[in-house]
Amino acid sequence: MPTYAPPPPAPRPEPPAAAYYANCDAVRAAGKAPLYAGDPGYRAALDRDKDGVACE
């Protein structure tokens, strides 16, 4: 009688790579504007008025 072997587990998806945008033009070109604090690629240098929203 043949033995049953369960299929191997599905590979886990890769975690999203950290994003880095040189400036807001790059953010807009990537279609990611605006960036909110906590979003990949957000950094204070892109947030002129320091309200937690960059490249408004």
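## A guided tour from P34

Select P34 to begin: this residue sits in the loop between α1 (24-29) and β1. Look at the bond behind P34. A cis peptide bond joins A33 and P34, with omega at about -10°. Keep in mind that this is a predicted model.

**Zoom out to the whole chain**

Show the protein chain as a cartoon. One helix and two strands make up its elements. Starting at the N terminus, their order is α-β-β. Now colour by confidence. The average pLDDT of the protein chain is 88, and 89% of the residues reach at least 70. Among the elements, β1 has the lowest confidence, with a mean of 95, and β2 the highest, at 97.

Switch on the surface. The accessible surface of the protein chain is about 4700 Å², and carbon and sulfur atoms hold 60% of that. Of the 56 residues in the protein chain, 20% are buried. Contacts come next. Take those in the protein chain with a separation of 6 or more: 13% of them link residues 24 or more positions apart.

**Helix α1**

Select D25 and R28. Both belong to helix α1, three residues apart, or about one turn of the helix. Their side chains form a salt bridge, 3.6 Å from N to O. How many salt bridges does a search of the whole structure find? The search finds one. Compare the two partners on the surface. D25 has 57% relative accessibility, so it counts as exposed. R28 has a relative accessible area of 43%, so R28 is partly exposed.

**The core**

Select Y21, C24, V27, L35, L46, A54 and C55 together. These seven residues form the largest nonpolar core. In soluble globular proteins, nonpolar side chains tend to be buried together.

Now keep A54 and show what lies around this residue. Which residues does A54 contact, leaving aside neighbours within four places in sequence? The partners are P34, L35, Y42, L46 and D47. P34, the start of this tour, is one of them. L35 and L46 are also members of the core.

**The loop between the strands**

Move to G41. This glycine lies in the loop between β1 (35-36) and β2 (53-54). Is G41 buried or exposed? Its relative accessibility is 9%, so G41 counts as buried. Show its contacts, not counting residues up to four places away in sequence: G41 touches A19, Y21, L35 and L46. Y21, L35 and L46 belong to the core you selected before. Then draw a distance from G41 to Y20. The pair is 21 residues apart in sequence, yet 4.8 Å apart in space, C-alpha to C-alpha.

Follow the loop to K50, which is also placed between β1 and β2. Its phi is near 55°, a positive value in a residue other than glycine. K50 has a relative accessible area of 56%, so this residue is exposed.

**Last stop: C55**

Select C55, in the segment after β2. Its phi is positive too, about 60°, although C55 is not a glycine. What is the relative accessible area of C55? The value is 6%, so C55 is buried. C55 is also part of the largest nonpolar core.

Why single out these backbone features? Most residues other than glycine have a negative phi, and most peptide bonds are trans. To finish, show three places together: the cis bond between A33 and P34, the positive phi of K50 and the positive phi of C55.

Note on methods: Residues numbered from 1 in each chain as written. Predicted model: local features only at pLDDT ≥ 70, side-chain atom pairs only at ≥ 80, totals over all residues. Heavy atoms only, no water. Core = buried A, V, L, I, M, F, W, Y, C linked by side-chain atoms within 4.5 Å. Buried < 20%, exposed > 50% of the residue type's maximum accessible area, 1.4 Å probe, protein only. Contact = heavy atoms within 4.5 Å. Helix = DSSP H or I, 4+ residues; strand = E, 2+ residues; numbered from the N terminus. pLDDT = per-residue confidence, 0-100. Areas by Shrake-Rupley, 256 points an atom, 1.4 Å probe, with all protein chains shown as cover. Salt bridge = Lys/Arg side-chain N within 4 Å of Asp/Glu carboxyl O.
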